[in-house]
Amino acid sequence: MFGFSFENLMKQLFCLIIVLTTLSRISVAEEPIARSAREFLATYCLDCHSGDTPEADINLDVKEIAWEKHHSAGFWTRVFDALKAGDMPPANVDQPSPKERKAMLAWLDKTLTKHDPVGGTVFRRLNRLEYENTVRDVLGIPFSVPRSFPADTQSHGFDNVGEGLVLSPPLMAQYLKIATSAADELLPPPAKVIDVSPKTVHIGPGDFTLNFTTGHEIDGILRMVSSSDPLARGSVWPNRFEARQRGIYEVEVDISQFRSTPGHLPIVHLLAHSASDQAFTKATTLRKLAEFKIENPQVQTCRATVELKRGQTVVIHYENAPLSSDKIDNQEFLKRISGQLLDAFRNDPELGAAWMKAGYQRSDRGWSWWKRIEDIRSKGGLDVENFDPESDKVKAFALQMARYSVNTVETMCCFRFFTGPGIDVHGMSINGPIQVLEDEETLKQKERTARFLRERGRRDDNAYAEAILQPVLSKAFRRPVTDKQLATYVDIVLNHQRQGHRFEDGIHLAVRAALCSTHFLFREYREGPLDDYDLAARLSYFLTSSPPDARLAKLASAGELSNPEVLEEETRRLLKHNKVKHFLESFTGQWLDLRKLPDIMPDARLLKWIDKDLQAVTAETELFVSEILRKNHPLETFIDSDFTYLNRRNAKLYGIKFPNSDAMKRVNLEPGSLRGGILTQASVMMATANGVDTQPVLRGAWMLENIFGMPTPPPPSNVPAVEPDTSGAKSIRELLDRHKADASCARCHQKIDPPGFVLENFDPVGRWRDFYPIYEKRNDKVVTREGQPVDAISQLPDGTELKDVADLKRYLVRNVDIFSRCLTGKLLTYATGRPTSFGDRNIIDQIVSGVRQQGNGFADLIVAVVQSESFRTK
Amino acid sequence: MSQSSTFLNRRRFLRTSGVALALPLLESLLTKTASAKDGKAPKVKRLVTIGTYLGFHTPSWFPEQTGRDYSASPVLKPIDDLRDDFTIFSGLDHRAPNGHKNWKNYLTGKGTPGISLDQIVAKAVGEKTRFESLQVTCGSSGEGQMSFTKEGIALPAIGRPSVLFGHLFHSGENKARMEYLLDSGGSVLDVVLDEARSLQRQVNARDAAKLDEYFSSVRDVEQKLKKQRAWLNVPTPKVDFKLPEFDPVAPDLSLECESLMYDLMVLALETDSTRVISFLAPGQGQVFTIDGEKLSAGYHGLSHHGNDPDKIAEFNAVGKEHVSRFGQFVRKLKERKDSDGQSLLDSTAILYGSGMGNANTHNNSNLPVLVAGGPFKHGSHHAINRDSSSAPLLGDLFLTLMQSMGLEEDRFVNASRNVNELLF
């Protein structure tokens, strides 16, 4: 029946080979559980953990373990941890003898170490930040990803973990598009020809863009009275002129003084502004084209020959107008504006009396407020006789008006349009370009192109293409390009040429291909210990989110980087590099959830919060972590410190006296201050709340995950979250006491709740509180009164009493290894792009104890992480 | 050399047969959908979604009466002659949070970031046209507010009339460059696919799965390039339209820009360049001149009118300017015919309104919205009682719009019904 032939045999052999190779790729299929282990499980575990509805969804009634399944290692690690910690079996059931427990743990340890070894990072795509830095560094071009570039998702807490870095069609489309525009930067396509013959544009007083009260057309002129920095509050520009080409333009503006006060000589600036740009751009950020002193009330023609870039227009800014809504310092602002108002009232008491009668109504601003005041004045019957601008009452009124800041300044513009001081713009003309200039960008591009293409010399096309592509491909692929690879890319060039395109077009095409290549977009596919090139890349992306620099590439090619001494030296070099800012932003931003802060948007009214507070709160933690790294402070500093970084905003939040300044400053904290260390920084308190109220369970779970390194399983889906009772009738603790009553809740909550409760003294933005607030609405205003007192006392599972957050910090400093292990695990996950495995545990323990013996410095920890087997394995 | 010769062959295939194949295919698609003779084909072929950033004074927008015999509200007066071509809704919103930042919920429903209505529709009907969808605004301040991909990425909008015109009816010079980039772009993908294939033989199973993401993404992009390439050979329509010499991008000229953009949108629909357009009329502090008079305050300032009647009157003056430009747009769609000889308006559904319910308080509930065009039963003002537990949401209106276009969607974020009984 069965014909036997050599051909058939070969076919079968071939199939077998395929099966074998496929099998060898997957670590191991299913492995039976040892008999002794199964007996242990049957005796002590299966009563609860078996059947259709096993306790906590953990079914241990299995004969074998499918290790290739994604979740198996995590599942059995949980079993190991519960058994080791003595959490399981629960106290109310039969307990194994210490010997039995030890034997079971030994089996689990052996099996897990085998099946969840060190290594296993999934082929890692560059994330958004890494990609941006890599395109820029490899090609040496200015580059940022477009706004439409897809964001990455976090996996195991970070957005650079292999599993989470999915490649989707929209992202691939972006890669291709960016490859073209990046190649264009090096080898630009032939420029378009545009008509650049000079033209004169006349701009009448009515042809300017006005925003709010930036100008007022009156008697055939345009009057200006404000020097506010944002263009929409203090400047005008022609609405139908923009430079067609970078070049030299002649500008003429007819301007005169309007009722200038003695000693005030108006100064006008002409500024270059992109015609289609946002109107809230600030004048101080724009390039000054010319400056004029407006000497007298007669029309003066101001002439300037200026350089404009394509798309730019000319802004008129009354640089030294006494009236301005700019606010550098609040006290100064209130004094200045109320003073100017009082001056106006002195000159025109009737205006004062009318304004006082009008008062401020919601949304009053600019012309509409002014009209209301004028209406009152025109009705007459004002008691001008008794209006005294020197009286306390009027002074207080002026001060109150000044508090309506921009609204009031706009309205003051309205009367200054009639009283001055101001300037009158009678017209403007722009002629040009009288000389065409090559764009600065084009000039830079030409230099770049020359550098990239280098000298051809006497090379033929093949050799020339090799000479250009060899260095750029090696940089792009982060290892020397192989001869075969180089030949493929050179072929692209030569084939393209053969199809009738220019040599440069061929190079352009090869660069585009390289930027879409898997060797560029992904890293680390070689199994086992990293070779020097993969090591260079892993180190460089870990600490700088950028590709290896020339020095790392050189050390890698010499095979020296894997030498531990060299590796340490390079790690310390990168830690001092400016680019370590990427590590600080990216790692700290994700570990401590600083990146989430902008989305929290605390309730401004309830929590007396303003958006600017966020800058201070974020900067404090960034600067704090940066110093710990730079100065190699011990890890205990994260928990408790005698310094922090403040400006007036977070200082106010903390109730610490501080000068009235927005500049962040390093500050030594009073002994015993609660604010040392990250646990009590406003950033962390914000990240662990929701912007309205606090939930001790969420804070506690966050602390366990990010400080204690003991992630807890998510809450059971059938239990609703505890909602804070805002009426103040019940304390949160009473609501949460249920956790203690139910044994299955208590197992996790005895760990989660204590650090959460201890932090209840901190409100959702990190302010200290002794009482929970009760908010009440009175006459459209929210009034806060004291509710239940905060009860922060708690007890850790090991019996340690915590009466306040200082106790928690003391506990963590005394047991700093708990925190060090957590931080080391986070660093390893971030650096290797994979969650830590069972096999990593011993290595982490070694790192932690080794670093502690050296003085526990943060920089030393990073060096130890880099030297570890975990870091150096794919 | 063998490597490159295979990609040459593939290229040659695309260049010769690919285009030749693609063209009739596109044409047959066009005629098939356009003729819609089988009776089952959806009657609505196009969707235009329009948003006004600062919204309207809703008491001046919603008519006082409901039903058919309402008297025109002050803001909607400029389009009262068209009342049988649109339906006004009050009481609709997404039950989403308030504030300028949440304006983006207008087309995405409660819970940004998510995909916007226009992009859901574009995915379903965009295949057939040169542009899957267009995003249009005036100047640069209105970018990134209306249209979002399913990944929650804001789509950039075109704010210069000259750029939109060039995009739709591009010049020969642009065309040559695009042709070149598309052809060579295809060959780039061939090379990197070859590389990835040789890599795949060296990696473990989990890494191979990652590489599969790469393969399928590249294939998807290849399809898109092919489609774009085929379209390049279909000549862009010749239109009789003269662009002004100067793009009115200055903020105080945004109403002028709005008129131009509406005209170009009519052309885009008439030439079947796209079937999905979203348009955002932006608003900042610009001081408008209306009927030769400068308004007394900046637009944004007017929107925070504080219930001052004078300010409301001026805010409404700007609102009426928006509405009358919209009216012009509708009238033009009514006059022009599509390839079936049907009026463009009858086969185009238009959502007009704002993601801002009340700019004075930054409130995003009870949004001003109306639906125009399409085969709907128009002419009424439907007041939805928001307090009723069975009150439909704005998302339910979206579902009706999508279903009228033949999309089998029965959920939109928090909405799962429709308002068919009000429109059919």
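1. Start at a single bridge in chain B: F86(B) is partnered with A372(B), a residue of β8(B). The two strands involved, β2 (residues 86–90) and β8 (residues 369–373) of chain B, run in the antiparallel sense and share four bridges. Here two strands pair if DSSP finds at least two bridges between them; helices (H or I, at least four residues) and strands (E, at least two) are DSSP runs, numbered from the N terminus.

2. A word on the source: this is a predicted model, where local features need pLDDT of at least 70 and side-chain atom pairs count only at pLDDT 80 or more, while totals for chains, interfaces and linings use all residues. Residues are numbered from 1 along each chain as its sequence is written, and chains are lettered from A and ligands numbered from 1 in the order in which they are written.

3. Now widen the view to the open sheet of chain B, which has seven strands with mixed pairing, ordered β3-β4-β1-β7-β8-β2-β9. Because β3 (134–137) and β9 (381–383) of chain B are at the edges with a single partner strand each, one side of each has no neighbour in the sheet. From one strand to the next, the twist averages 15°.

4. In chain A, look at helices α28 (residues 696–708) and α31 (residues 743–758): their axes come within 7 Å and cross at roughly 110° (axes are lines fitted to C-alpha atoms, for helices over the stretch in contact, and angles run from 0 to 180 degrees between N-to-C directions). So α28(A) is roughly perpendicular to α31(A), a label for angles of 65 to 115 degrees.

How values were computed: Angles under 35 degrees count as roughly parallel, over 145 as roughly antiparallel, 65 to 115 as roughly perpendicular and the rest as oblique.
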